[in-house]
Amino acid sequence: MELALLSRRLLLAATHRGQPLRAQQYQKQQQQAAAAGALWRRTRHRAEAPSRPHQCCWRHTAATNPSSSTDIERVRNIGIIAHIDAGKTTTTERMLHYAGYTRSIGNVDDGDTVMDYLPAERERGITIQAAAITFGWRGTHQLHLIDTPGHVDFTVEVERAMRVLDGAVAIVDAVAGVQAQTLTVWRQADRYVVPRIVFVNKMDREGASWTRCVDDIRTKLGTRPLVLQLLWSLERQSRCPLESWIDVVAMEKIVFDIAHDNTGATVRREPITPGSDAEMHAAAAAAREQLVETLAELDARIVDVFLSAGVDGNHQLVPAEELRQAVRRATVAAAACPVLLGASYRNVGVQPLLDAVVDYLPSPADRPLPAATVAGAEPRKKSGDSAALVRLDPSAKLVAFAFKVIVDPQRGPMVFVRVYSGTLAARATLVNGTRGGVKERALKLLRMYADEPEEIGECASGHICVVLGLKHTRTGDTLLDARHPTLAAKGAARQQQQAQRNHGSREIKAAVGLQLHGIDVPPPVFFCAVEADSPQDERALAEALASVELEDPSLRVSADEETGQTLLSGMGELHLEIVRDRLVRQMRVGASFGAMRVAYREMAGAAASVAHEYAKEVAGKPARAAMRVAVEPVGADGEADNEVEIAAPAAAELLPTVGGSADPARAAELRESIRAAVAEGVASALFRGTVLGFPVARTRIRVDGVRFFGADVSTPAAYRACAAQAVALAFGASRPALLEPVARVAVACPEPHVGAVLGDLSGVRRGRVLQLMVPDPSGAAALGSADRIVDAEVPLSAMLGYSSVLRSLTAGCASFTMEVVGFGAVTAQQQQQLVKESQGSY
């Protein structure tokens with residue numbers, strides 16, 4: 001069975017470029033790859049070995065599949081993160097080539113990359129959707145790699161990748177340094193405490209400065225850089241400025257023979273000694289001393305080695321393997337990050353980067369155990385919570401996390417999962433605890449190679465795979481073994497049965513069993529109307545919108561109750577443009593799209609309160625509820641959260657008597673159901689304000705005076721309706737105001753055009769200029785001959801179509817980045833104008 005899977009992997013690797021090979025040729029290449037890998041390891045770890053060329057010809061070694069707990073130390077779940085155009089996909093394509101997955105190197109400009117396989121990605125030359133692939137390195141390690149987008153509109157792809165990764169490679173442009181989206185993805189990695197390696201790319205570009213990048217890493221990213229390589233030949237102004245690098249850890253010279261082998265596969269290592277090159281040895285010794293001193297501040301064990309009898313305080317005598325272990329401990333603890341150099345487009349520096357991934361980034365066994373909560377469990381007496389830790393044990397009951405969904409026209413929903421505990425087997429019965437315990441059947445398991453699947457029989461803990469057959473699973477759901485102990489908790493079985501009966505309902509059921517932490521999805525800030533071109537297209541449009549909404553949790557499809565329009569909300573102009581192209585071109589749906597609009601928010605303008613009673617006859621039965629609701633503005637600029645306080649009726653008022661005896665348990669249960677119904681009513685009212693129907697933000701809502709008229713009359717439905725109406729009345733009486741999203745904009749432009757850019761931002765676009773910066777002269781080429789950087793906060797609505805306006809103002813010499821940072825109040829005059837526009841009058 002394993003031999004058959006190996007042959008198929010090899011066939012996929014060869015035919016990916018349309019060049020089929022026979023099995024005998026593959027076996028010969030595998031033997032050559034193993035020999036080459038052994039040679040690389042020998043020359044890498046033995047500084048005294050004689051210099052000899054090394055041909056990096058590793059083949060597709062994903063067949064060496066670590067499938068048990070004994071091999072989990074050799075698994076790496078990593079992601080590639082960076083600002084847009086920093087070289088993520090270019091670097092990934094070189095990794096695949098040197099690992100033997102591809103026979104030729106794919107390039108973004110040529111549109112033949114493995115990872116960017118969507119037509120829109122190849123046309124635009126950017127990554128839109130995170131893609132996963134599995135390959136081997138050194139013949140012993142298995143890497144699950146996710147290539148993430150760099151554009152801010154697709155930041156949710158980075159968010160859900162970070163949720164399941166054990167390590168990441170952050171790529172920094174050697175010319176531009178740390179950029180806006182670099183900070184964003186770095187913060188996302190910080191949120192999940194993901195260890196990182198920094199790869200300073202594009203060292204072949206004019207104006208590249210790795211020393212400035214190291215300063216940016218220290219000051220802007222707030223971490224300790226561990227410089228492991230030096231670029232030697234550029235400083236010496238040699239003919240081929242990328243030919244020689246210094247490995248500070250091994251005290252070796254790495255030579256990339258790109259002059260004779262433009263694929264970058266020919267690499268050799270030579271020991272650095274005072275006799276071979278005194279100047280190079282001095283530079284390497286100084287860098288090694290700095291590395292040892294930095295590690296001594298972070299790792300106590302390297303201090304013991306440094307002071308041991310064999311070293312005697314000599315930085316050059318610290319064994320290379322001890323240094324590697326110290327760097328690994330500091331990286332895994334997220335106390336520092338190794339820094340490596342390269343030029344992926346020139347095929348330089350990628351093999352040492354892969355070695356660093358294996359040497360320094362953690363395996364699933366090195367990561368802290370993920371914390372989870374048990375829905376419905378009694379809180380612990382000491383800690384006061386119901387938290388639990390998920391053990392990395394392939395023999396335990398299954399706990400898996402769904403972090404991505406792709407809808408395939410032939411296969412249906414393809415759910416990407418990370419297995420945290422137990423072993424996921426094909427045809428297994430699973431329970432979706434997040435969806436109330438609905439049962440699912442994992443029909444098939446796949447391992448993805450970008451867009452090419454391979455069927456596998458099982459997926460052990462610590463690995464990533466794709467599951468077919470899950471109809472109700474969404475991004476962020478927790479999947480459990482049907483016999484998981486937490487599903488036997490009180491009330492869990494009843495909720496499972498109810499969820500199974502109502503599995504077709506869109507209503508979110510209460511979670512059951514063990515629950516892993518989900519994914520935080522930012523709210524959309526742009527929206528547009530979409531409608532079918534004809535009645536025949538309505539069904540196809542509804543199905544297509546359901547598919548794209550299932551795939552992308554940052555995309556929202558809603559209906560405007562007043563106009564009856566279907567609204568499509570997303571993270572930005574490019575985001576909605578990509579979705580529109582996919583609906584029309586890929587799914588071939590006949591639909592028309594309205595103009596792009598900004599998603600505002602509404603807030604209470606002043607304190608107001610309303611006492612409201614709901615009395616209505618529903619289906620011949622009376623329904624009655626009453627309460628008092630007070631609203632007031634709250635929160636500082638930039639914040640958008642609401643505060644809700646609900647005071648349920650007192651237990652004495654609800655205490656029923658049966659046969660003259662009280663039932664406190666029944667009263668407590670009834671009180672909790674009333675509180676839950678009121679909370680649902682408040683939430684539904686806050687979803688739609690009274691000015692323009694946008695969600696309510698920055699408002700405090702207090703509910704008290706809740707009255708109970710009897711169990712037959714005061715039903716949960718009555719309380720939901722009463723709360724929604726009361727909140728709407730109170731909010732309408734508070735003179736509500738509109739809030740508009742505000743973006744932080746950085747415009748890089750030449751000196752002659754600064755005046756025009758400043759005037760446009762502060763005047764036409766109602767922006768507030770924060771500072772005017774002068775970039776580092778050594779990196780001036782980073783921004784396309786930019787002499788100034790304008791940092792401003794601008795209303796997002798004023799940034800619609802700014803790309804074309806900026807090109808006109810600066811003759812195409814400027815560029816900008818933008819990120820939504822919060823919400824700001826609009827003036828009364830602007831609010832009146834927006835209301836008139838929404839009503840169709842000007």
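Two strands are taken to pair if DSSP finds at least two bridges between them. Strand 5 (residues 196–201) and strand 11 (residues 336–341) meet this criterion, because 3 bridges join them. The two strands run parallel. Phenylalanine 199 stands opposite leucine 340 in strand 11. The model is a predicted one.

Strands 5 and 11 belong to an open sheet of 7 strands. The strand order is 2-3-1-4-5-11-6, and the pairing is mixed. Strand 2 (131–137) and strand 6 (224–227) stand at the edges. Each edge strand has a single partner strand, so one side of each lacks a neighbour in the sheet. Neighbouring strands are turned against each other by 30 degrees on average, direction ignored. Strands of a sheet pair through backbone hydrogen bonds, either parallel or antiparallel.

Helix 10 (residues 320–332) lies across part of this sheet, over strand 1 (75–82), strand 5, strand 6 and strand 11. The helix runs at about 120 degrees to strand 11.

An antiparallel pair is found further along the chain. Strand 31 (residues 608–618) is joined to strand 32 (residues 621–633) by 11 bridges. Within this pair, glutamate 617 has proline 622 of strand 32 as its bridge partner. The two strands form a hairpin with 2 residues between them. In that hairpin, alanine 619 takes a positive phi near 55 degrees.

Glutamate 577 lies in helix 14 (residues 573–586). Its relative accessible area is 29%. This value falls between the limits of 20% for buried and 50% for exposed, so glutamate 577 counts as partly exposed. Phenylalanine 593 is 16 residues from glutamate 577 along the chain. The C-alpha atoms of these two residues are separated by 10.0 Å.

A helix pair was also examined. The axes of helix 18 (residues 754–764) and helix 19 (residues 802–810) come within 9 Å. They cross at roughly 145 degrees, and the crossing is right-handed. Helix 18 contributes Ala756, Val757, Asp760 and Leu761 to the contact. Helix 19 contributes Tyr802, Val805, Leu806, Leu809 and Thr810. By class, the contact comprises 7 nonpolar, 1 polar and 1 charged residues. Asp760 of helix 18 is the charged residue, because Asp counts as charged. Thr810 of helix 19 is the polar one, because Thr is in neither the nonpolar nor the charged class.

Conventions:
Residues are numbered from 1 along each chain as its sequence is written. This is a predicted model: local features need pLDDT of at least 70, side-chain atom pairs count only at pLDDT 80 or more; totals for chains, interfaces and linings use all residues. Side-chain values use heavy atoms; hydrogens and water are left out. Helices (H or I, at least four residues) and strands (E, at least two) are DSSP runs, numbered from the N terminus. Axes are lines fitted to C-alpha atoms, for helices over the stretch in contact, and angles run from 0 to 180 degrees between N-to-C directions. Contact means heavy atoms within 4.5 Å. Buried means under 20% relative accessible area, exposed over 50%, partly exposed in between (1.4 Å probe, protein chains only). A crossing is left-handed if the near helix is turned anticlockwise from the far one by less than a right angle, and right-handed if clockwise.
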